Amino acid sequence: MSYYPSFLRLSVCLLAALALAPAAFAGDNDWKPVDPAHLAMKAPAVEKDADAEAIFWEVRADDGDAQDFVLSNYIRIKIFTDRGRETQSSVQIPYLGGMRIKDVAARTIKPTGEIVELKKEDIFDKTVIKGGGVKLKTKSFALPSVEAGSIVEYRWREVYTDDSAQYARMQFQREIPVQLLTYSVKPSAYYSNARAMRFQTFQMDTPKFEKGKGGFYTATVANIPAFREEPRMPPEESVRRWMLLYYTPQEKVDGAAYWKQWGKIFHEIFKGNVKVNDDVKRAAAEIVGDAQTPEQKLERLYDFCRLKIKNLSDDASGLTDDDRAKLKKNGKPADTLKRAQGTAGDIDELFAALAISAGFDARWALMADRSRIFFDPSFADVYFLLYRGRNNIAVKVGEKWQFFEPSDTYVPYGMLAWQAESQQALISDPKEPIFVTTPLAPPAKSLIKRTGKLKLLEDGTLEGEVRVEYTGHAAYDKKEYNDDDSAQRREETLREELKEQMSTAEMSDIRIENVTDPQKPFVYAYKVRVPGYAQRTGKRLFLQPAFFQHGRGPAFSAADRRNEIYFHYPWSEDDTVEIELPAGFALDNADAPQPFQASEVSKYAVSVGVTADKRTLIYRRSFFFGGGGGLRFPVNAYGGLKQLFDEMHKRDNHTITLKQDAAAAPGTSN
């Protein structure tokens, strides 16, 4: 969760949406003529093995004189294979609050030249799941009558209600190759009078923009390769080709001087926002109570703001954008305290005011969000700190700065949301603002604890009860993903996850606990039945005791790698599986996989045993990754990482043998 200082809330909704939406362009209300050569095209031009390829992709950004900022989109795609038909027939256009999708139109041109239009009633609002478990609201539709050899095209307008945009994020890569991409940009009349329009490119060279009709600047780029996702990949803004359009004063201050200047500005604004009055002072004294140490005092203040003040910015609040617009705004921390509710920014600033009242030195700490990009301060602009960043409160304890964001309801004291950890934070100051790196929680802080009490039947069916608890960042991710879903949808999500892992699994008595509880672990508990879990061959059963890993594929399947490897946060796993053996069967072998350790980064260990009566198998597994802060690895480390996770996958698939006693075998007698 993040918020933006009120003096700089410039097109925030626009920027969030641009970060997610595929930038494209629909120009006029009429479709462009179709070149017969494109219909006859048999092979892609950019990448020889592409299943589909964009013939053109046009984007027009217009923020000249209109009240609204409008992105017009138009893309035409050639389908070469059945796989291309499958991937390109279904379209999702993401959108967020403050943004409207208008004038959606689509059609299919069949190889014969026949045109099939998309009907308006076939366009739906949906929620879709992206890689990494991100949920997006979309305008979704399925293009009609698509087949190999067809051309599909669609257009839409993205309308943002802000007066103008100081920043606009422009994509230069899609999931398919692009033969020709054209961007047309009309400078903002509001900004360009006093500031220069600039472009900053990422993972690409800056294209040349030339001024044309209507005050538009146009650039064209040819032969753009497809963007391909990889597991455990850095955030897209650090690997995908894109460009930032922004406005700055004609004489721009660079480097350290720039950040020093902004750090001072932030401090002045912060002082105005966190003014302390008698009500805040009294509240701070009551909350701190008999706490003696700085840590005890800060924990009480933090938990008060996190647990006692309703967060109106959180999607779990049930408020719509219209509801939030009608709410009376809190002008100062005393208002937030009195109303016991506020935006994320209000809550963080209340914490700062309470901390100051308790005798602490508190400041704003602004940082980038590493779920979006790896921050590089050499790009001297506040975009990644304000518009694509996170704001914490820094409190000085002794000689060190500690960082807090109580508006992150699901983050316990002593931690930050993983997106804010291990980041360079700009701490505001009236004289010498500084960058300080935020801490990274160790693996033990984010534990996935799994227990299974199961029974194996003679036919290989496994059934019993399961409980999975998530703490730390693992719980944060689960709660943020589930908190705005219905109870029914949460169960469906869990069923889908288990079915994907074990197709024959049947679940019942599902309990999903503590979804919105700020303090308790997130919990899945259920009964499970898995026919055919163990393989029966004659008098033997072959059993994989690592129930929670059964059916999972390898973490890394590709032989090579394009992008560096990136893990969101360190984590640990602790599994205990008890399996009651079927009557008449005993262990034929119960050897355990050997442990391994990768320096301080990772460790894996397994034990296998039986109870004294030899009727119950006890399997224990422990694993952690990310020790010593190991989260990012260069491409040339891929082989070693793949080997580590492949070895763990192999050991998780370790099989033990159960043998039926001769006396218990069918057809035998004593």
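Contact means heavy atoms within 4.5 Å. Keep that rule at hand for the exercises below.

This is a predicted model, where local features need pLDDT of at least 70 and side-chain atom pairs count only at pLDDT 80 or more, while totals for chains, interfaces and linings use all residues. Residues are numbered from 1 along each chain as its sequence is written, and side-chain values use heavy atoms, with hydrogens and water left out.

**Exercise 1. Find the contacts of Phe-547 and place them in a core.**

Step 1. Leave out residues up to four places away in sequence. Phe-547 then touches Leu-454, Leu-462, Val-466, Gln-501, Met-502, Val-528, Val-530, Tyr-533 and Val-577.

Step 2. Recall what a nonpolar core is: a set of buried Ala, Val, Leu, Ile, Met, Phe, Trp, Tyr and Cys residues joined through side-chain atoms within 4.5 Å. Buried means under 20% relative accessible area, exposed over 50%, and partly exposed in between, with a 1.4 Å probe and protein chains only.

Step 3. The largest nonpolar core has 117 residues. Phe-547, Phe-567 and Phe-645 have the most contacts inside it. Helix 10 gives the most to this core, with 7 residues.

Step 4. Another core lies apart from it, with 41 residues. Among them are Val-91, Tyr-95, Ile-101 and Leu-181.

**Exercise 2. Describe how helix 7 packs against helix 10.**

Step 1. Locate the helices. Helices (H or I, at least four residues) and strands (E, at least two) are DSSP runs, numbered from the N terminus. Helix 7 covers residues 294-308 and helix 10 covers residues 344-357.

Step 2. Take the axes. These are lines fitted to C-alpha atoms, for helices over the stretch in contact, and angles run from 0 to 180 degrees between N-to-C directions. The two axes come within 10 Å and cross at roughly 150°.

Step 3. Name the angle. Under 35 degrees counts as roughly parallel, over 145 as roughly antiparallel, 65 to 115 as roughly perpendicular, and the rest as oblique. Helix 7 and helix 10 are therefore roughly antiparallel.

Step 4. List the residues. Helix 7 brings Leu-298, Leu-301, Tyr-302, Phe-304 and Cys-305. Helix 10 brings Ile-347, Leu-350, Phe-351, Leu-354 and Ala-355.

Step 5. Sort them by class. Ala, Val, Leu, Ile, Met, Phe, Trp, Tyr, Cys and Pro count as nonpolar, Asp, Glu, Lys and Arg as charged, and the others, Gly among them, as polar. The contact of helix 7 with helix 10 has 10 nonpolar, no polar and no charged residues.

**Exercise 3. Do the same for helix 6 and helix 10.**

Step 1. The axes of helix 6 and helix 10 are 8 Å apart, at an angle of about 75°. The two helices are therefore roughly perpendicular.

Step 2. Helix 6 supplies Val-280, Lys-281, Ala-283, Ala-284 and Ile-287. Helix 10 supplies Ala-353, Leu-354 and Ser-357.

Step 3. The classes come out as 6 nonpolar, 1 polar and 1 charged.

**Exercise 4. Decide whether Lys-478 is buried or exposed.**

Step 1. Place the residue. Lys-478 lies in helix 12, residues 472-482.

Step 2. Check its area. The relative accessible area of Lys-478 is 16%, so this lysine is buried.

Step 3. Find its partners. Lys-478 touches Tyr-470, Glu-497, Phe-522 and Tyr-524, again not counting residues up to four places away in sequence.

Step 4. Look at the whole helix. Helix 12 is mostly covered, with 9 of its 11 residues buried. Lys-479 and Tyr-481 are among the buried ones.
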